[in-house]
Amino acid sequence: MTDKTGTVYLIGAGPGDPGLLTIRAKECIESADVVVYDYLASPFLLKYARQEAEIIYVGKKGGDHTLTQDKINLLLVDKAKQGLSVARLKGGDPFVFGRGGEEAQLLLEHGVQYEVIPGVTSAIAAPAYAGIPVTHRDHTSFVSFITGHENPNKQDSSMQWDVFAKSNATLVFLMGVKNLRNIVKNLVANGKPADTPVALVRWGTTSRQQTVTGTLETIVEVVNKAGLKSPAIIVVGHVVSLRKELAWFDKKPLFGKRIVITRARAQASGLVSQLTKLGAHCLEIPTIKIIPAEDTAPLKKAIDNLNHYDWLVLTSVNGVKSFFDTLFDMGKDVRALGHLKFACIGPVTKERLADYGIISDILPETYRAESVVDAFSHMDMQGKKVLLPRAKVARTILPEELIKMGASVDEVTAYETILCDDDKETLISLLTDQEIDAVTFTSSSTVSNFMSLLESQDAAKLLKGVTIASIGPITSDTARALGIEPDLEANPYTIPGLVDELLSYYSDNNS
């Protein structure tokens with residue numbers, strides 16, 4: 001136990017969209033020793049935490065508590081007393097029905113320093129993403145935020161139903177889905193017109209957002225029919241009528257599409273980011289994991305003898321990273337590469353090489369023989385020595401074509417691609433429940449490993465109705481060999497090409 005007490009940061013993690021996190025909140029997460037997060041705090045925010053930070057989930061939903069509030073309070077005190085910096089992530093804003101005030105009082109009582117980082121509350125953000133402004137000069141100039149359920153230990157209710165009913169304010173109820181019937185009943189009984197517009201927004205600001213509208217007279221039936229459950233907010237007032245005109249988020253081209261991302265988690269962010277911006281709900285279920293080569297001696301030997309090579313050919317971003325990581329670990333830098341010519345397979349690999357300040361001399365677009373031959377056609381490769389650092393298991397076409405041109409090729413393992421089955425049960429469950437719209441494959445290994453995860457299942461049955469998206473012909477050929485027929489294939493064979501093809505596919509099939 002240290003004499004120095006740490007600080008607890010009560011952070012508003014926002015309503016669900018990770019992009020709505022404040023800069024100050026991000027800074028606190030990045031520097032925290034411990035991150036304690038809620039059910040409604042987006043798990044995507046955890047990527048900002050330091051690798052060595054302790055991550056603790058204390059989610060509470062619908063009466064199912066991982067930890068009670070009292071135990072959460074004591075956890076914060078205990079971690080701070082150990083001299084640790086604690087980031088307490090709370091959905092929305094910590095002081096808007098977030099019990100942040102209670103946590104602050106407890107910390108104060110125990111002499112623990114704290115700081116409050118306000119967040120974007122779902123009371124404003126969810127209606128905004130549903131196209132509902134909570135205030136509008138033509139409708140109302142004020143808004144009331146109301147809890148959907150009070151503290152059950154309170155002696156008397158503070159709910160002023162007569163005031164709510166007679167007010168022209170927009171009424172926003174948080175955490176009130178289970179009490180919807182009672183809310184409607186009390187408002188109408190106290191004089192609120194039965195034709196007053198009402199909206200419920202579930203999972204607001206996320207790709208899972210679901211919005212239903214009705215009136216006080218019809219909304220209970222509408223919600224029951226839609227099967228809408230918490231977490232959701234309830235908006236009551238004439239501003240709800242503006243949704244028909246102002247809805248924007250759920251009009252995104254891939255809105256609500258549930259798309260599985262099978263590439264390695266460390267590489268998935270670009271694809272996830274692009275699809276999420278278009279409204280898709282990305283489910284990261286990596287089927288491959290990139291690990292360092294078990295035997296690094298061949299690569300190190302090659303780097304020690306770089307002066308013997310004329311060309312360095314890099315076939316993937318993983319190859320680029322692994323090569324330079326090893327180069328730097330050996331105490332060398334890019335000056336050791338000054339005499340070499342470079343070739344990269346694909347534009348993304350070329351961009352990654354450029355991050356190290358090196359411009360590729362040539363760029364075969366793909367592994368296909370004609371692409372390699374065309375790219376090297378103006379180069380004299382006779383007698384040239386080529387270093388090819390890449391995956392342990394890789395296609396043979398590239399070295400074969402270079403050898404045909406007269407080159408001598410040294411293939412060395414820079415990294416290994418292994419099966420990742422961490423989310424196997426989740427994948428099978430989602431497919432069984434028909435909760436997946438599309439699966440993306442970005443390499444042959446993602447396809448073969450995906451099918452390995454389904455080996456004991458009826459893959460054809462599980463994939464019925466699921467759109468299969470391939471990044472290119474080689475990946476497509478692997479899929480066909482394993483009994484999967486791609487519905488779409490990227491052209492060009494890049495992540496942006498894959499995204500564009502998904503957009504085109506769904507546009508054509510939704511028209």
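## A parallel sheet

Let's start with one small contact: Ala469 has Leu488 of strand β22 as its bridge partner. Strand β21 (residues 467-470) runs parallel to β22, and two bridges join them. That is enough to count as pairing, since two strands pair if DSSP finds at least two bridges between them. Strands here are DSSP runs of E with at least two residues, helices are runs of H or I with at least four, and both are numbered from the N terminus. This is a predicted model, in which local features need pLDDT of at least 70, side-chain atom pairs need 80 or more, and totals for chains, interfaces and linings use all residues. Residues are numbered from 1 along each chain as its sequence is written, and side-chain values use heavy atoms, leaving out hydrogens and water.

Zoom out, and the pair belongs to an open, parallel sheet of five strands, ordered β14-β13-β20-β21-β22. At its edges sit β14 (281-284) and β22 (488-489), each pairing on one side only. Strands in a sheet are held through backbone hydrogen bonds.

## The whole chain

The chain has 19 helices and 22 strands. Its C-alpha atoms fill a box of roughly 90 × 65 × 45 Å along the principal axes. Of its 511 residues, 49% are buried (under 20% relative accessible area with a 1.4 Å probe, protein chains only).

How confident is the predictor? The average pLDDT (confidence in each residue, from 0 to 100) is 91, and 95% of the residues score at least 70. Among the elements, strand β10 (residues 197-202) has the highest mean, 98, and strand β5 (residues 64-65) the lowest, 52. Where pLDDT is low, don't read the predicted coordinates in detail.

## Rings that meet

The whole structure holds 15 aromatic pairs (rings of Phe, Tyr or the six-membered ring of Trp, with centres within 6.5 Å; stacked means planes under 30 degrees apart, edge-to-face over 60, tilted the rest). In one stacked pair, Phe324 and Tyr356 lie 4.0 Å centre to centre, with 10° between the planes. They are 32 residues apart: Phe324 is in helix α11 (residues 317-329), while Tyr356 is in the loop between α12 (347-354) and α13 (369-376). Are these two buried or exposed? Both Phe324 and Tyr356 are buried.

Elsewhere, ring pairs link a cluster of Tyr129, Trp248, Phe249 and Phe255.

Methods. pLDDT is the predictor's confidence in each residue, from 0 to 100. Buried means under 20% relative accessible area, exposed over 50%, partly exposed in between (1.4 Å probe, protein chains only).
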